[in-house]
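Reader: Hey, got a minute to walk me through this one? I'd like to start with the core and then jump around a bit.

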Amino acid sequence: MGFSQWNASSAPQSLLQSLPKEAIGVGAFSWSSLSLLYQFTYPSGPVARKFDLCLPSSSRARGVILFGDSPYYLLHLTNFDAAGVLSYTPLHGDLIARIYYHARLTSIVPYTTLTSDIYSAILKNFEKAARGIAQAKKVAAFGLCFNTTTIRSRGHGLRIPQINLMLGNGVQWTIHGSNSIKQVDNDVGCLAFVDGGKMAKQAVVIGTYQIKNNFLLFDLDQSRLGFSTSLLPYGTSCGGFYFTVGSYF
């Protein structure tokens, strides 16, 4: 598949200083006509204006960004299409989003960051739900830690209370233990949310730890976000895409 219209530019290395050291460039994923997605589909290309992000939990595994439509088959479950387990919530532009509490997704911030009032409420309620689980000394920059040797584990993480994010159209994004508890040493795991302060620009910034092994579909044609929650209960992960089945770009 070829594309005749591309907009690209070289830039000084200094522009990458705020990015991870492995970064060699920047590609935009947005409604902008200069974004990678729109360059693949403009003016009437064969690829749907959708892109998918799936980040692995380990630096030894490779995640994936896909352009276009499903199916999205996963290794070991070649008849399992990740699109079949997605829930959807609307994507809003900034002008609309200012009216409400809204969440921003990022692959740069390591842990979900909340304004102090939201953070305090989550901390209080999670501690209440997890009473009976032995706590441990706090580890910076987390506000609540547990002795994980007292928590039974299951195939996809610790047996810990789940967190449900209620989204705009009433659907829930469930965060399981594999995405809520960060193991900081052999005996201690901490609630992987951090306090962004009272004056944080964004009320909720969902970080990398919370979206690892979650399949995210950004559907710009229908202005919606599809999300799977953790893929681990399905016996697979974001490091296991099976590219020999179906067609991908």
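Author: Sure. One term up front: a nonpolar core here is a set of buried Ala, Val, Leu, Ile, Met, Phe, Trp, Tyr and Cys residues joined through side-chain atoms within 4.5 Å. Also keep in mind that this is a predicted model.

Reader: Got it. Which residues touch the most other members in the largest nonpolar core?

Author: That core has 33 residues, and the ones touching the most other members are F126, F146, W173, I181, L191, F193 and L216. Helix 3 gives the most to this core, with four residues.

Reader: And which other elements give two or more residues to it?

Author: Besides helix 3 (116–129), there are strand 1, strand 13 (172–175), strand 17 (204–206), strand 18 (214–219) and strand 19 (224–230). Apart from that core lies another one of 15 residues, with V64, L66, F215 and L217 among them.

Reader: Let's zoom in on L191. What is it in contact with, leaving aside neighbours within four places?

Author: L191 is in contact with L123, F126, F142, L144, I163, S180 and I181.

Reader: OK, switching topic. What's the overall secondary structure?

Author: The protein comes to five helices and 19 strands. Of its 249 residues, 40% are buried. Looking at contacts with a separation of 6 or more, 64% come from residues 24 or more positions apart.

Reader: How much accessible surface does the protein have?

Author: About 14500 Å², and 53% of that belongs to carbon and sulfur atoms.

Reader: Tell me about the open sheet with four strands. What's the order?

Author: The order is 8-9-15-14, with antiparallel pairing. Strand 8 (135–136) and strand 14 (181–183) are the edge strands, so to speak, each pairing on one side only.

Reader: How many bridges hold strand 8 and strand 9 in their pairing?

Author: Two bridges, in the antiparallel sense, with strand 9 covering residues 145–147. A136 has C145 in strand 9 as its bridge partner.

Reader: Last one, S57. Where does it lie?

Author: S57 is in the loop between strand 1 (50–54) and strand 2 (64–67).

Reader: Buried, exposed or partly exposed?

Author: S57 counts as partly exposed because its relative accessibility is 48%, and the partly exposed class runs between 20% and 50%.

Reader: What does S57 touch further along the chain?

Author: Not counting residues up to four places away, S57 touches K212 and N213. The side chains of S57 and N213 are joined by a polar contact of 3.4 Å. There's also S237, 180 residues apart from S57 along the chain, with the two C-alpha atoms separated by 8.4 Å.

Terms used: Residues numbered from 1 in each chain as written. Predicted model: local features only at pLDDT ≥ 70, side-chain atom pairs only at ≥ 80, totals over all residues. Heavy atoms only, no water. Pairing = 2+ DSSP bridges. Buried < 20%, exposed > 50% of the residue type's maximum accessible area, 1.4 Å probe, protein only. Contact = heavy atoms within 4.5 Å. Polar contact = N/O pair within 3.5 Å; in protein donor to acceptor, adjacent residues only side chain to side chain. Areas by Shrake-Rupley, 256 points an atom, 1.4 Å probe, with all protein chains shown as cover.
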